[in-house]
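User: Could you walk me through the model I just loaded? I'll ask as I go.

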Amino acid sequence: MFNYPVRSANPGDWRSHTLAMIVSLGAGPWDALFSGGNIPAFVLAPLFALAAGVTATLKLPNLSSGSFKSSGFHFG
């Protein structure tokens, strides 16, 4: 019916392979530590997302009133 090409990872991209190996090596001990359940991942994921959001917000540049001038609203 539909014949879509299969996309694979670029063999020259060592970074994606390295990260995949790190995740694979850490998955076994993580699974054994929490006896195969997904609850710790569901608890840690929002915590890491919150930490990433706070970090991103703090890294935004500070736009003081002296260095930033609003262009205002432009209509038609």
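User: What does Trp30 touch, leaving out residues up to four places away in sequence?

Analyst: Trp30 touches Pro40, Ala41 and Leu44, where contact means heavy atoms within 4.5 Å. This is a predicted model, in which local features need pLDDT of at least 70 and side-chain atom pairs count only at pLDDT 80 or more, while totals for chains, interfaces and linings use all residues. Residues are numbered from 1 along each chain as its sequence is written, and side-chain values use heavy atoms, with hydrogens and water left out.

User: How far apart are the C-alpha atoms of Trp30 and Pro40?

Analyst: They are separated by 9.3 Å, with the two residues 10 apart along the chain.

User: Where is Trp30 found, and is Trp30 buried or partly exposed?

Analyst: Trp30 is found in helix α1, helices being DSSP runs of H or I with at least four residues, and strands E runs of at least two, numbered from the N terminus. Trp30 counts as partly exposed because its relative accessible area is 34%, between the limits of under 20% for buried and over 50% for exposed (1.4 Å probe, protein chains only).

User: OK, new topic: which residues make the nonpolar surface patch?

Analyst: Trp30, Leu33, Phe34, Ile39, Phe42, Val43, Leu44, Leu47 and Phe48 make a patch of about 940 Å². The elements giving two or more residues to that patch are α1 (14–33) and α2 (39–59), and α2 gives the most, with 6 residues. Patch residues have over 30% relative accessible area and no salt bridge (a side-chain nitrogen of Lys or Arg within 4 Å of a carboxyl oxygen of Asp or Glu), and nonpolar side chains (Val, Leu, Ile, Met, Phe, Trp, Tyr) are joined within 5 Å, like charges within 9 Å.

User: And why does Phe42 count as exposed?

Analyst: Phe42, placed in helix α2, counts as exposed because its relative accessibility is 59%.

Technical notes:
Areas by Shrake-Rupley, 256 points an atom, 1.4 Å probe, with all protein chains shown as cover.
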